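User: I would like a close look at the cysteines of this protein, with the surrounding chain described afterwards as far as it can be. Please take care over the cut-offs behind each term.

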Amino acid sequence: MDLRYGINPQNTRARIEPLPGTDLPLRLLQGQPSYVNLLDALNAWQLVSEAAALLGRPAAASFKHVSPAGAALAGPVDPATAELHALDPAAVGPLTSAYLRARDADPKSSYGDFVAVSHEVDLELADLLARVVSDGIVAPGYAPGVLDVLARKKNGRYLVLEADPRHTPPAVETREVHGLRLVQDVDTTPLTAALLTDVRVGTLTPAAADDLLLGLAVLRRTQSNSVCYLRDGAALGIGAGQQSRVDCTRLAGAKTDTWWLRRHPAVRALDFRPGIRRQDRINWQIRYLEGDLTPDERTRFAAALHGGGDVPDELGPEERTHWAARLDGVAFVSDGYLPFRDNVDHARRHGVTAIAEPGGSVRSAEVEAACAEHGITLVHTGLRLFHH
C-alpha cells in the first residue's frame, strides 16, 4: 500500500512494508492514508479493542497526532453534549454514545480527528460522522449501507480502515532511527483488575476501579509522559508528551476544568445565531471560559451571538470556584510513578478521589501522605506504561 506521504508532505516517498509471514492487522476500504493516519489507526484500534474487552462495553477513541484527545466507553450522553449535536440523549445508541463521549473530552483538539471504535459501525454512527470534521475511522466492520454514507464524506477521500480482531502481532517489534535498529519484546502484560489490588490509601470503589482500568488502557497508547483524568467511563482530560509529569497533570487538569465549565449554565445559555457552525460554537465557548478575549475577538464573538449583542460577562473567580467544587468522583492515572506530592495536590483541585500509579518513587511516602491528607484513594499498579 503506497501512502500519500510520510510524516510530512515533503516525505514524498512513503509506503507500507508488511513483515514476512505476518498477517495484516487491517485493510483499506476507502481513501489513501498518510504515515500519521496509520500510526493513529494502529494505536487507536489497540486502545479501543483492549478497553472494550477489559470492561465489557463498546469503546471509542478520538486520536490526534498519535495520542488520544479523548476516549470513552458506551454510556449516558449528557445534555451539554447532546445539545451541540442536536440529538436526543435518550435515543443515542451505545457505539455512538461512546464516540460522542470520547470526542467531547477535548472537542477543540478532536477537530479533524482519527476515529476508532471497538464494534461494527452502524448507520447511526455513520450519520454522526457525516456531520463532524474527521479524517478517517478504523473499526472491525461496517454494517450494510455504512460505506455508502462514508463514501460521500470528503468527496470520497474519507479514510476507512477495517481492523482484523484476530490479528496476532509479532512477539518482537523494531524501529529504525538514524541508521540504528532498535529491537524489543512487545509488552503483552494484560491489563486486569489484579493491577488494582495494592491499595495504599483509602478504599477503592467498583466505579473508580473501572475508570482506573480505562485510564490504563488509554495511557498505554498515549505519548509519554502522560496522565489521564476520567469519570463515569470517559476521559475528561488527557495530558500527553510533556517532559515534566506535573506539567502533564496541570495540562490534563486544565482540560478537565474546561470540560466541566462547558456544563455551566452560563456557557450553555450562550445564544448563537442560526448558521454558526458547531465547531465555531465550541471554540467560542472555550474562548469565553479562557476569559482573555482581544477587542477583535470580542467583536467577532458578539457577531456570532443572536442579535449581535454584547458578549456576556465572564465567570468570576468566586463562581468558577463554586462550580469547580461540584466536580467530584474523578479518577486519575499516571503512566509513570509520581515523583512528588505536587501531582496529588494539583489533581485534587480537579475533583480527583482515586489515583493509580506504578509506585516506587523515592518519595512515595510523601505521595501517600498527600493522598491521605486529601482523602484520595491511592493504588500502586507496579506497571509503567511509557509509550514513544
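What does the count of disulfides come to here?

Analyst: The model is a predicted one, in which local features need pLDDT of at least 70 and side-chain atom pairs count only at pLDDT 80 or more, while totals for chains, interfaces and linings use all residues. Residues are numbered from 1 along each chain as its sequence is written, and side-chain values use heavy atoms, with hydrogens and water left out.

The count of disulfides comes to zero, where a disulfide is taken as a pair of cysteine sulfur atoms within 2.5 Å. For C248, the closest cysteine sulfur is that of C228, and no bond is counted because the two sulfurs are 11 Å apart, too far for one. C371 likewise has C228 as the holder of its closest cysteine sulfur, but that distance is 17 Å, again too far for a bond. C248 is buried, at 0% relative accessibility, and C371 is also buried, at 0%; here buried means under 20% relative accessible area, exposed over 50% and partly exposed in between, with a 1.4 Å probe and protein chains only.

Helix 6 (206–219) and strand 10 (226–231) are linked by a loop that contains N225; helices (H or I, at least four residues) and strands (E, at least two) are DSSP runs, numbered from the N terminus. The peptide bond that joins S224 to N225 is cis, with omega about -10 degrees. Helix 6 itself has 14 residues and reaches 20 Å from its first C-alpha to its last, close to the expected 20 Å, a span taken as 1.5 Å times one less than the number of residues. Helix 6 is mostly covered, since 11 of its 14 residues are buried, among them A208, D211, L214, G215 and L219.

Beyond strand 10, the loop that leads to strand 11 (234–240) holds D232, which has a positive phi near 55 degrees although it is not a glycine. D232 is exposed, with a relative accessible area of 54%. K154, also not a glycine, has a positive phi near 55 degrees and is found in the loop between helix 5 (146–151) and strand 6 (159–163). K154 counts as partly exposed, at 31% relative accessibility. In the loop between strand 6 and strand 7 (172–177) there is P169, partly exposed with a relative accessible area of 47%. From P169 to V138 the separation is 31 residues in sequence and 17 Å in space, C-alpha to C-alpha.

Helix 1 (residues 35–55) has 21 residues and reaches 31 Å from its first C-alpha to its last, close to the 30 Å expected. Its buried residues include N37, L38, W45, V48 and L55, and the helix is followed by G56, whose phi is positive, near 70 degrees. On the surface, Y35 and L39 join I7 in a nonpolar patch with about 260 Å² of accessible area together, and I7 lies in the segment before strand 1 (26–30). Such patches are made of residues with over 30% relative accessible area and no salt bridge, with like charges joined within 9 Å and nonpolar side chains (Val, Leu, Ile, Met, Phe, Trp, Tyr) within 5 Å. A salt bridge is a side-chain nitrogen of Lys or Arg within 4 Å of a carboxyl oxygen of Asp or Glu, and accessible areas come from the Shrake-Rupley method with a 1.4 Å probe, where for residues only the protein chains shown count as cover.
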